[in-house]
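Let's take a walk through this chain together. We will begin with a strand and its proline, then move outward to the domains, the core and the helices.

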Amino acid sequence: MSYDVIIIGAGPAGIFTALELLRQGYAIDDDHRILLVEKGKAVEKRHCPKAEVGQCVSCKPNCAITTGFSGAGAFSDGKLSLSCEVGGELPNLIGEELAQELIDYTDTIYLEFGAAKEVEGITENEEIKEIRHNAIKAGLRLVDCPIRHLGTEKAQQLYYAIQQHLLDNGVEIRFNTECENLLIEDGVCKGVTLRDKDGCTDVAGNEIVIATGRRGADWLEHICAEHHIAHAPGTVDIGVRVECRNEVMEKVNRALYESKLIGYPKPWKNKVRTFCQNPGGFVAQENYDNDLAVVNGHSYKDKKSDNTNLAILVSHNFTEPFNQPIAYAQKVGELTNMLGAGHIMVQRYGDILDGKRTWQKELSRSNLRPTLKDAVAGDITAAMPYRAMTNIIEFIKMLDMVVPGFASPETLLYSPELKFYSNKVKMDENLDTNIRGLHCLGDSSGWTRGLMMASVMGVLMGRKLTEKK
Ligand SMILES: Cc1cc2nc3c(=O)[nH]c(=O)nc-3n(C[C@H](O)[C@H](O)[C@H](O)COP(=O)(O)OP(=O)(O)OC[C@H]3O[C@@H](n4cnc5c(N)ncnc54)[C@H](O)[C@@H]3O)c2cc1C
């Protein structure tokens, strides 16, 4: 059995590759077929048991939050960043103009499939001017980024509509099927080895697109090493998820919806930034392979909490002799998990400054109640490297000048928040790797880090494959 195009991973990058192929008039028949391979379930079958049992039960073989049709997107917050300044380094590869053009085009597809019409963060009013003024005084850069917010529930409906559209138009989707390896001979990728409940099968294909997301970044790193796929170690972000009362964030939430602030605190001047702000949101746990528990944040369109959460991320780059950023971040995560007995750890900012751990009973003494109920109070500084911790503390002090009260003693810091974008696969502007017929997209390629940019890379891939045909 042979396919024209085999796409591994049904996250936004993989889905939009197939979608754009169809939109560009790709005709599927017995000789021209598209296969989409996904190790998780169909979108309507994805279900996180946490809603019933109240805590993460580390589902096996796959976590429903990060695997299945629509990838990490379906259960995500569904915030589409509409600026090419946000979402990864793809603009460096294809140029800012094309990246922005593709964002605008991809946005229309999201609208066609039911995304909400409103766009947040486009008006420049007196409040925003004041926030920017304070950011300048604090030494922070405020990045402008319009956001289309799908909301977690709406995102699932939207991706379900896309899934059915692909199936109705002849795209073959194999769920619960994992790509184990690539079939590469003499510098040409000729297919993939797939594993499902019945065992392994080799499947031939002319064009192989790998879009395995953050979860697949580790796997892809091994595949790159095994098959000499040109790549370079990328960046890894290590940080915390910060939670405070909505009252503290009120002005910024109202004026900006999502504040993207970047700073370079002393003494190292590493890049530190805010990410994924969830007004009225909920802190969440997600589990990566090897039972690594990491923290994230959600916000729902209709269900709101009293708190706002956002990530503070410190970028880490390594040169030599060490060049395994993913392994480094994993070790930090494992150490934190070990101290939290397998749970996400939470500590009050004031306790960090006072050099003491936080006790569970102390959490109930604050105005602020943690939205991640199964987080364990402890001492995140016992696991966080000194440099990352100092960067986070200094950045929080800077943020306090923009958001007074942010550096309050009761502010909660959850750890570990890790973002693996590593292993940047070397590609040209046609998304060709050094292996003929092999392309790598989305978060696993190291070029994107968000729903919109991953979708855009898929759209571009769909166009490039149509041109080739
Ligand atoms: C909780 C959460 C909230 C988020 N919120 C936002 C947000 O609001 N805005 C935003 O822009 N981004 C957000 N993100 C990030 C966003 O979801 C990702 O950047 C985006 O989904 C990346 O798309 P992708 O297609 O590259 O990978 P993914 O969406 O991760 O999809 C990859 C798919 O490949 C599958 N896969 C992996 N390995 C294999 C294999 N070997 N064989 C077969 N299948 C495989 C996985 O099961 C997965 O379904 C969030 C992420 C999470 C986890």
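Pro416 sits in strand β19, which spans residues 412-420. This is a predicted model, and the proline is a good place to start, as a cis peptide bond links Ser415 to Pro416, with omega at about 5°. Another cis peptide bond joins Glu320 and Pro321, where omega is about 10°. Pro321 belongs to the loop between β16 and α9 (325-339). As general background, most peptide bonds are trans, and most residues other than glycine have a negative phi.

**Backbone with positive phi**

That background also gives a reason to look at the following residues, listed with their phi values and places.

| Residue | Phi | Place |
|---|---|---|
| Tyr257 | about 65° | just after α8 |
| Lys269 | near 60° | loop between β12 (260-263) and β13 |
| Leu431 | near 65° | loop between β20 (424-425) and β21 (438-440) |

Are Lys269 and Leu431 buried or exposed? Lys269 is exposed, as 10 other C-beta atoms lie within 10 Å. Leu431, in contrast, is buried, with 24 other C-beta atoms within 10 Å.

**Two domains**

The domain assignment divides the protein chain into domain 1 (2-115 + 151-230 + 424-468) and domain 2 (126-144 + 235-420). Taken over C-alpha atoms, the centres of domain 1 and domain 2 are 29 Å apart. Where they meet, 22 residues of domain 1 are in contact with 21 residues of domain 2. On the domain 1 side of this meeting, α6 (152-168) and α7 (217-227) each supply at least two residues.

**The core**

How many residues does the largest nonpolar core have? The count is 136, and the residues with the most contacts inside this core are Ile6, Tyr414, Val456 and Met457. Helix α14 (residues 451-468) gives the largest share, ten residues. Domain 1 and domain 2 both contribute residues, so this core lies between them. In general terms, nonpolar side chains tend to be buried together in soluble globular proteins.

Tyr414 deserves a second look. Apart from neighbours within four places in sequence, Tyr414 is in contact with Val240, Arg241, Glu243, Val283, Val295, Ile344, Met345, Val346, Leu372 and Ala375.

**Helices and their packing**

Helix α14 also meets helix α4 (residues 96-112): the two axes come within 9 Å and cross at roughly 95°. An angle from 65 to 115 degrees counts as roughly perpendicular, and α4 and α14 are therefore roughly perpendicular to each other. From α4, the contact involves Ala99, Leu102, Ile103, Tyr105 and Thr106, while α14 brings Met452, Ser455, Val456, Val459 and Leu460. Val456 thus appears in this contact and among the residues with the most contacts inside the core.

Now to helix α8 (residues 246-256), whose buried residues are Val248, Met249, Val252 and Leu256. They cover an arc of only 55° around the axis, which places them on the same side of α8. The general rule behind such a pattern is that an α-helix has 3.6 residues a turn, so residues three or four places apart point the same way. What do the buried residues of α8 pack against? Their partners are α5 (126-138), β11 (236-245), β13 (272-279) and β16 (307-316).

**A glycine and a leucine, seen from Phe420**

Gly213 lies in the loop between β9 (199-210) and α7. With 26 other C-beta atoms within 10 Å, Gly213 is buried; the cut-off for buried is 20 or more. Leaving out residues up to four places away in sequence, Gly213 touches Gly9, Gly11, Gly71, Ala72, Gly442, Asp443 and Ser444. How far apart are the C-alpha atoms of Gly213 and Phe420? They are separated by 9.5 Å, although the two residues are 207 residues apart along the chain.

Leu353 offers another view of Phe420. Leu353 is placed in helix α10 (residues 349-354) and is partly exposed, with 13 other C-beta atoms within 10 Å. Leu353 and Phe420 are 67 residues apart in sequence, and 28 Å lie between their C-alpha atoms.

Technical notes: Residues numbered from 1 in each chain as written. Predicted model: local features only at pLDDT ≥ 70, side-chain atom pairs only at ≥ 80, totals over all residues. Core = buried A, V, L, I, M, F, W, Y, C linked by C-beta atoms within 7 Å. Buried ≥ 20, exposed ≤ 12 C-beta atoms within 10 Å, placed from the backbone. Helix = DSSP H or I, 4+ residues; strand = E, 2+ residues; numbered from the N terminus. Domains from an automatic or database assignment. Contact = placed C-beta atoms within 7 Å. Arc of directions from axis to C-beta. Axes fitted to C-alpha atoms, helices over the stretch in contact; angles between N-to-C directions. Parallel < 35°, antiparallel > 145°, perpendicular 65-115°, else oblique.
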